[in-house]
Amino acid sequence: MKIPSQVEHCIRELAAGGGTLNCYIYDTRPMRGKIAHLAAIMPEGVEIFYAMKANPHPAFLKAALEGGARGIEIASLGEAEKAVAAGFAPDQLIYTGPGKSMEELHWGVEQGIRTIHIESLLEAHRLDAICAELGKTQAALLPTNADFDIHEAQTKFSGGSKKFGVDEEKLGDVLPQILALPCLRFRGLHVYAASGVLNVVDLLKNCELVFDMARRIERDYQGVVCDIIDFGGGFGVDYLETGHDFDPDAYAAGLQKLIDRYGFAGRTFFLELGRYLAADSGWFCTEIIDIKESRGKKQVICAGGINHFRRPAALAINHPMAIVRMHRPSWFDGQEKVRDEAVYFGGPLCTGADKLANNVLVKAADVGDIAVFGYAGAYGLTMSNMEFLSHGRPEEIVIGE
Ligand SMILES: Cc1ncc(COP(=O)(O)O)c(C=O)c1O
């Protein structure tokens, strides 16, 4: 991985200030560029929402707002409040995710958010009751657990038994009951197959499948139109640096062909993207505190571990990384160092699970150098075990917007 010069410059400035370096550095210009590019290439009717679970930091919300995202995909009241504080209007919010509380549903209806994605029949009944109480109607999408599995995805949201949405084969039973609820306005389907998908063909297969489902519904239920179709997120990033990144242009071209083939022009298509928009706008930078040799392998211990950057351990993959050399003096003769070898990077937590990376080939690293992990703008601090062992919170530094 090549560390951008502005990131390295920031690291050197921070290091010069003294203290142990352990922080996220954000530059959201790549995210703005990606939103602008997607807006330019996607077929008519496609709306880009930022899935803020990827990174709820205000700089990322600002990049989404100013970069031209249509809105924010929220999955909690806490996210809703942050999105509104960042300047998004309630009608720019779409509310997904299982297990919404009565308070959360109430807030959504009262504020008039764009769509609420009803995860179960019970949630539909709760939502309908709240709407009746408030004298309002609510646009709703139906998340569907399609009988479709993208094998190579990092995380799967459909296929098999899932906590997300309603099983595709139960639609015939569930949909008429939802259509009968007086305060819900059924607008269409939400089928999110998987996250971290690099293969455009797989994601387009998901789109085709949803189009088939929409057609079946419209054939079976007179007067019902799926005028909004939400494909979820899922655009991947090349964590393993294989050189084969997700190709948004191929996706856009493929989606246009599908829209034409199904005669679905004039409808609205949601994309709720997290990882693809945010990942390359952040770096996790953590100082090497100790290096030890243990039974033939170097153990490199950093200031922050899964408490600050949990994703590599949680998903069992290495993020791209590089070392910023600091050339600090040794504490004693014979102090361990790393030279042209494959090593383990861990944090300071007292658990074997505290892994940042394993078997990473490193040219040179010494105690006091800074390990920099790339693609850390998405699912970095936000999905970490911050409280475990009560270390402090790493600073989040914004160097470019
Ligand atoms: C409902 C929903 N939408 C969007 C996303 C964002 O997915 P991604 O980061 O793969 O784009 C997620 C991620 O878990 C999700 O659960």
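This briefing covers the domains, the ligand surroundings and three helix pairs of one chain. The model is predicted. Its chain is assigned two domains, with domain 1 made of 5–26 + 280–400 and domain 2 of 89–273. A ligand has 18 residues around it. The helix pairs described are α5 with α6, α2 with α9, and α8 with α9.

**Domains**

- Domain 1 is given as two stretches, 5–26 and 280–400, while domain 2 is given as 89–273.
- Taken over C-alpha atoms, the centres of domain 1 and domain 2 are 38 Å apart.
- The contact between the domains involves 6 residues of domain 1 and 4 residues of domain 2.
- On the side of domain 1 that touches domain 2, there are 4 nonpolar residues, 1 polar residue and 1 charged residue.

**Around the ligand**

- Among the 18 residues around the ligand, those that come nearest are A51, S195, G233, G274 and R275.
- Strand β12 (268–273) supplies at least two residues of the shell around the ligand, and so does helix α10 (275–278).
- By residue class, this shell holds 6 nonpolar, 8 polar and 4 charged residues.

**Helices α5 and α6**

- Two packed helices are described by the angle between their axes and the distance between the axes.
- Helix α5 covers residues 102–111 and helix α6 covers residues 121–134; the two pack at about 50°, with axes 10 Å apart.
- Because of this angle, α5 is oblique to α6.
- The crossing in which α5 passes α6 is right-handed.
- From α5, the residues M102, L105, H106, V109 and E110 meet R126, L127, I130, C131 and L134 of α6.
- The residues of this contact between α5 and α6 are 7 nonpolar, 1 polar and 2 charged.

**Helices α2 and α9**

- Helix α2 (residues 29–41) packs with helix α9 (residues 248–262) at an angle of about 25°, and their axes are 10 Å apart.
- An angle under 35 degrees counts as roughly parallel, so α2 is roughly parallel to α9.
- α2 and α9 have a right-handed crossing.
- On the α2 side the contact uses H37, L38 and I41, and on the α9 side P248, D249 and A252.
- The contact of α2 with α9 divides into 4 nonpolar residues, 1 polar and 1 charged.

**Helices α8 and α9**

- Helix α8 spans residues 200–220, and its axis comes within 10 Å of the axis of α9, crossing at roughly 20°.
- α8 and α9 are therefore roughly parallel to each other.
- The crossing of α8 and α9 is right-handed.
- α8 contributes V200, L203, L204, C207, E208, F211 and R215 to the contact, and α9 contributes A250, Y251, G254, L255, L258 and Y262.
- Sorted by class, the residues in the contact of α8 with α9 are 10 nonpolar, 1 polar and 2 charged.

Key. Residues numbered from 1 in each chain as written. Predicted model: local features only at pLDDT ≥ 70, side-chain atom pairs only at ≥ 80, totals over all residues. Domains from an automatic or database assignment. Contact = placed C-beta atoms within 7 Å. Nonpolar A, V, L, I, M, F, W, Y, C, P; charged D, E, K, R; others polar. Near = placed C-beta within 6 Å. Helix = DSSP H or I, 4+ residues; strand = E, 2+ residues; numbered from the N terminus. Axes fitted to C-alpha atoms, helices over the stretch in contact; angles between N-to-C directions. Parallel < 35°, antiparallel > 145°, perpendicular 65-115°, else oblique. Left-handed = near helix turned anticlockwise from the far one by under 90°.
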